[in-house]
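Trainee: Could you pick one part of this model and go through it closely? Please follow the chain outwards from there.

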Amino acid sequence: MTNVAILNLVFGLYVLAAVVYGAFLLLRSNGVWLAGLGLLSLGALTHLAAVIVRWVEAGHPPFTNLYESFICFSLMTALVYVGLELKYRPRKLGLFACLLAIGGLAYAKRLDPAIPPLMPALNSRWLTVHVVVYFAAYAALGISFIAWVAYLVTTRKGEQETSENDRLQLMESIGHQTIVVAFPLLTLGLITGAVWAERAWGRYWGWDPKETWALITWIVYAFYLHMRYIKGWRGRRMAFIAAVGFAVAMFTFLGLKYLPVSEQSIHIYGT
Amino acid sequence: MANPLRYAILLVFFVALVMADRKAKRRILSSLKLTVVLLVLLALCSAAGTMVYQGIGREQSLEKYGPLWDGVFRVLGMYDVYHAPWFALLLTVLAANTACCLLRGVSLRLKRLGWMLTHVSILVILAGVIVSSVGGISGQMRLAEGETSSTVSSRGGGTFDLPFSITLDDFEVERENEPHETLVVEERRGRTRSVPVIMGQEMKLPGITAAVKKKYNHAQLTHLVVNRSESDANPAVRVGLSQEGDNIERWLFAESDQSPVEQFGMRIEFSSYESREMLEAARKTILAHGVEPTVPESLVISDGEREWTVPAVVGAEGQLSGLETTVKILRYVPDFVILDTETREVGTRSDKPNNPAVLVEVEGESSWVFAKFPDFTMSHGKPSKYEMRYVRSDSSSENGATLSVMHSVQDDNLEIVYTDAGIARSWDSVSIGQSREIEGKGVSVAVLEYIGDAGVVLELAPSSDHGDPPGVQLDVRGPDGTIRSVGILANARPILVSDDAALSYRFDFPVTQYTSRVSLADGEEGGDLQREIRVNAPLKHKGYVFYQLSYDQNAEQWTGLGVKRDPGIPVVYAGFVGHAAGLIMLFYVNPALKRRRTAA
């Protein structure tokens, strides 16, 4: 169980990164920001190493239960945010991205870290691509949500100075660009899921609650993209759509067991 | 199941809509407003299908939702949302909307290619679904080993025939060679986790530590009386009796009226007193008036189907064979009374068994069970799903012979008192191991062992029966340092090892694959084809695909195969590829091109 020990270290690194990013919010110093980014990057790389170690320990891809899903979600959040920093420099969102990654790990800590035996139904080459693509999408959508919330909070302050306008534009652009990255991933997730279902059960679509809600998530973001590109909507309205989209995505990920018909589903996991 | 007419009507409707939009001046059908309305409706309707049970029968739905809502749901088609006519109509209008937009915006410019590809692909996917539905067939077949068949039970009822026959040569459940064994720890507050079973390694549980002491491949539970502490909280004696070469040993418990044993025509019981004076007073009463008749008693537990009988002895705890929960007898009171209505503290009004009751713990919840009020139990937590009865038969002979073993804690004195309906009376002080002859009965009696705080533990013993499950024996160390032995059989319900933690022992050989080995025979061509069907690795033959879906879970003798022929698959997959390619162009290629242009 080396991977669990490494994850404890990752948790510490993320907490440190969060503290440093928090300090950056107060100090606005370039050095502090770089330190935060460095810690988060180190955490993400260590996290990646932990997943690879677990892969080796298990002898199969470690994406098979709720614990491993949270580990994957947290890793993707860190990786996607580091990628964003390199491209757009959101900087001030760092604390919140760290908190999201920490949240994923913290939830995983409440679950059983033991490596479960691989069920025949999950023994497929589609498992890795399906799960990784989905959690990369969820992570990007999570950061998009954070950016849009930051946008809403900033616009609420009322008076908009020029510097504020720059910030608003950055938040809007990050909120949007993450969705642009996430949407093709969501689509790939749906498609790989359908192809896998065809191979495993002989039907590419079965209106299982998980499938249905994955489609609903996709529809919400398709709606977002149409509004943006055809109607040219911007600002607060898009923030609300993105918020609804993220809520639906998280419901698809975690909420389905609360559906009254959840016992009818073939792939709702976790308690 | 597929209704070609229905799809024909929908297709005609689709074409009519598209044609209408070509002629119309106002762009309603190709408007974004319509797209928005349709997407919202599609999302809501899809969601609705996950809120209401799908495909359930009239009786079930009536029971679940009541007559009013059941009526509404049935009229609206809520029990089969995704196959309802209005759902198909919704998708048709959405397809028409997409097609109209495409036709209005058709362009051969590279910039528009991604956009066109994504939207055309959606139409292609929907077309593929129709091809699947109209031109495909699917069903299931169950094959026993050695059985040959070419008949498939269709999903919508009825059957269809394959153009070849399939024989199940062998069905195999492949398992890992090494067992997967874990101790599952469930904490009352907190997570459930699995711990590998390593001999001797200490595990920290809330308030206690536990370590695996022994492991058995096959084990049975046996009763064991153990001393739980140095105190005299629950005194017990082991008594040996013999008559004409007939020897028996019995445990007798002071704190329970259960322990009297009927043997050799007399009742044998044990009582313990704090001081010598109390013992002597009790002895005088017995010799003067005989013994208050006490009788064997038991706790009967029922899950509605089966019954288990447990001796109602304070300190008894453990698993019962077939009953997958721990049962603990925590306390006995002869004359139940609630001493304090606020704290609900329980005590006894007298020493007479006027209202005898035992406090029983089942599945971590304790409740009082009353001998005289079988329909009434008093629970602390949630009521148990088990029905419990505390049975004392008060029919025993009043004037029978009674052998009383008496003990005083104060000076550790043991006495044997014998009465026989007032005819014969004798008493004698004895020491451990010392044998006494009872005059006129031809019975000799000896107290072999005394335990101050007896607990009945069900301990594991190795078994030679290979049908018996594996088990582990653990040492559980409490916060005060006392060590208790706990035996756990594999794959039984969790056993409480402290107030806040329960343990269970999982042992199995995890399944790695289900494989159906089949022979396919085409009749004319002769020569069987040997093939395998595995989970996630279907078998394709002559346009038909076979899936490993289910199997005989008891004897692993038959397999359940999904069978289908689906000409829509290539169409749907082409749509998938096109859509993905279109998205990549739209969101990755186009922006890159744009950047290059602005840079230039």
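Mentor: Strands are DSSP runs of E with at least two residues, helices are runs of H or I with at least four, and both are numbered from the N terminus. The model is predicted, so local features need pLDDT of at least 70 and side-chain atom pairs pLDDT 80 or more, while totals for chains, interfaces and linings use all residues. Residues are numbered from 1 along each chain as written, chains are lettered from A and ligands numbered from 1 in written order, and side-chain values use heavy atoms, without hydrogens or water.

Take the open sheet of 4 strands in chain B, whose order is β6-β7-β29-β30 with antiparallel pairing (pairing requires at least two DSSP bridges between two strands). At its edges lie β6 (202–205) and β30 (483–489) of chain B, each paired on one side only. From one strand to the next the twist averages 30 degrees (axes are lines fitted to C-alpha atoms, and angles run from 0 to 180 degrees between N-to-C directions).

Start at the β6 edge. β6(B) and β7(B) form a hairpin with 2 residues between them, and Gly207(B) in that turn has a positive phi of about 80 degrees. The two strands of the hairpin are antiparallel and share 4 bridges; in one of these pairings, Leu205(B) has Ile208(B) of β7(B) as its bridge partner.

On to the next pair in the order: β7 (residues 208–216) and β29 (residues 471–477) of chain B also run antiparallel, joined by 7 bridges. Along this pair, Ala211(B) is bridged to Asp475(B) of β29(B), and Lys215(B) stands opposite Val472(B) of β29(B).

Elsewhere in chain B, helix α1 (residues 4–23) has 20 residues and reaches 29 Å from first C-alpha to last, close to the 28 Å expected at 1.5 Å a residue (1.5 Å times one less than the number of residues). Its buried residues (under 20% relative accessible area, with exposed over 50% and partly exposed in between, for a 1.4 Å probe and protein chains only) are Tyr7(B), Leu10(B), Phe14(B), Leu17(B), Val18(B) and Asp21(B). Seen down the axis of α1(B), these buried residues fall within an arc of 95 degrees, so they line one face of the helix (the arc is that of directions from the helix axis to the C-beta atoms). The face of α1(B) turned away from the buried side carries exposed Leu5(B), Ile9(B), Val12(B), Arg22(B) and Lys23(B).

Finally, 49 residues of chain B are in contact with 50 residues of chain A (heavy atoms within 4.5 Å).
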